[in-house]
Amino acid sequence: MTITVGTELPPLTVEVTPTFVVATALATRDFQDVHHDRDAAVTRGSRDIFLNILTDTGLVQRFVTDWAGPDALVRSVDLRLGVPCYAGDELTFTGSVAEVDGHDVTVSVSGTDSLGQHVSATVRIEVAA
Amino acid sequence: MSAAADRATTDSATTDGAATDGAAADGRGDPAGAGRRIEEAAREITEAGPSAPEPARDPVNQAMINNWVEAIGDANPVYTDAEAAAASVHGELVAPPAMAQVWTMRGLYGVRPPDDPLRRATELLDEAGYTSVVATDSAQTYHRYLRPGEHVAASSVLENIVGPKRTALGEGWFVTTRTTWYVGDEAVAEMTFRILKFRPPEQQATGHSTGTTNAGTTGEAGTTGEAGTTAGGRDAPSGAATTDTAGSGDDGRGDSGTGDSGGGEGRAAEAAQVLRPVVTRDNAFFWDGLREGELRIQRWGETLRHPPGPMPPDGDLNAEPDYVVAAGTGTVYSFLVHHHPPVPGKRLPFVLALVELDEGVRMLGELHGVDPADVHIGLAVEASFDRIDDELTLPAWRVRS
């Protein structure tokens, strides 16, 4: 794979079903009720249960390694949150290579849902020689 | 502090409002003094240094890895397929780096220890009336991959508490902590984590009770039914809460605003959130003009001036200004692309352009309908008008075709 600045990653769309929100919250050991109890989430002013931040980190990592392959080493995931991602929405990741320095590659990632930008992230990976 | 006790504390602060919230009332009455007290207490927490490393409940293990990759949908074989992992750069099975934080999550009934800086910072700001929380940033660095069987421990230190900041969610303080995960003495991963602890605004809309919400947005969320957010915060000392994502629905949260409306859903909420200009005798004609779809430039004799001021550039106190209506065409003199923090009513990123009008003055406004990558100095633009509500219209730009 030739990696150059501007290389676009294949987009990844995740159906954010209630099951997905709950399964990922529990798999990341995040037991906040807003990630599994819709009534509680609504009572607190949210529209529905929503994704937790550890899942965003995981999805961003997956999005990049799906493209970079199993021998890429993930060195950092730096992310900022925007609008929430509620159950029932669709989350689409897009990304492109921002920097290449030898084996070190920096990828810019954006995850958007129907409300707008849910997450923006920068991921540094080291690719195989 | 138990989660239940924490909940009770927060409920009283939020549902009873300012009347019974002594700390909050104090903060409002003497904001500078309250701010100094928070800053001093923050310094103490920072100077106390890192908390004692707290071991994860379980060692890094295949069962939790399997649960995680199944839920996330990550098919990378180095996490689950021993044969593929052996043939990979790792030479053996490894854990997903993004699970670093998962290992030390405190679980269903977890409580942060008393020396935990995030717990101390949360208590400090709760007492000052900043009872709600949203997470805003997470930056994780992985020094190496972890292998099943390794046992990590986490230690955190307070980097800083910055504020008070006016945000879309209410006045608040940004709390930044730094966590290091160790295996023995070896640092294997680090994270900088930032939350906003904010004072939930008092309810603005009628027909919605704040009584049941003890965190997150109140007024704006209620008016649109759209948004939301976060909760979580109240349980911040209990661990999982601090990892909540959030945001205030369509319009994000943020640290300041140029005041403007992105349009679309949540319009009423956005209008309520926009930071409104200070209209004075000197600039009222400008804002009046925008409402009528005119871009007006202050004129002192032959001299145009923008932004409008109380006197001409030569300082003649007897002069009286009038104005001209600009043609509305110009070119980008300078611009910035705003990526962060979120701004009320904005989709990120957005472009803020300083436009040199054909009349010669320069004027700021959001540049709409263009890919930020395509904006450049000299780009030909024309005026457009962002109507926020009956009172307020903001100047804006679009690319001239």
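I377(B) sits in the loop between β11 and β12 of chain B in this predicted model. With 12 C-beta neighbours inside 10 Å, I377(B) counts as exposed, because the cut-off for that label is 12 or fewer. Exposed or not, the loop residue has some company from elsewhere in the sequence: leaving aside neighbours within four places, I377(B) is in contact with V332(B), Y333(B) and S334(B). Of these, Y333(B) lies 44 residues away in sequence, yet its C-alpha is 5.5 Å from that of I377(B).

On to the strands around this loop. β11 (residues 362-368) of chain B runs parallel to β13 (residues 393-399) of chain B, and three bridges join the two. Here H368(B) stands opposite R398(B) in β13(B). Strand β12 (residues 380-387) of chain B also pairs with β13(B), this time in the antiparallel sense and over seven bridges, with A383(B) standing opposite W397(B). A hairpin of five residues takes the chain from β12(B) to β13(B).

Helix α4 (residues 62-72) of chain B offers a different picture. Its buried residues are M64(B), I65(B), W68(B), V69(B), A71(B) and I72(B). They end up on the same side of α4(B) because they cover an arc of only 165 degrees around the axis. That fits the usual helical geometry: with 3.6 residues a turn, residues three or four places apart point the same way. The cover over the buried residues of α4(B) includes α6 (100-103) of chain B, along with α1 (18-27) and α3 (53-68) of chain A. Just past the end of α4(B), G73(B) adopts a positive phi of about 85 degrees.

Key. Residues are numbered from 1 along each chain as its sequence is written. Chains are lettered from A and ligands numbered from 1 in the order in which they are written. This is a predicted model: local features need pLDDT of at least 70, side-chain atom pairs count only at pLDDT 80 or more; totals for chains, interfaces and linings use all residues. A residue is buried if 20 or more other C-beta atoms lie within 10 Å of its own, exposed if 12 or fewer, and partly exposed in between; C-beta atoms are placed from the backbone. Helices (H or I, at least four residues) and strands (E, at least two) are DSSP runs, numbered from the N terminus. The arc is that of the directions from the helix axis to the C-beta atoms. Two residues are in contact if their C-beta atoms, placed from the backbone, lie within 7 Å. Two strands pair if DSSP finds at least two bridges between them.
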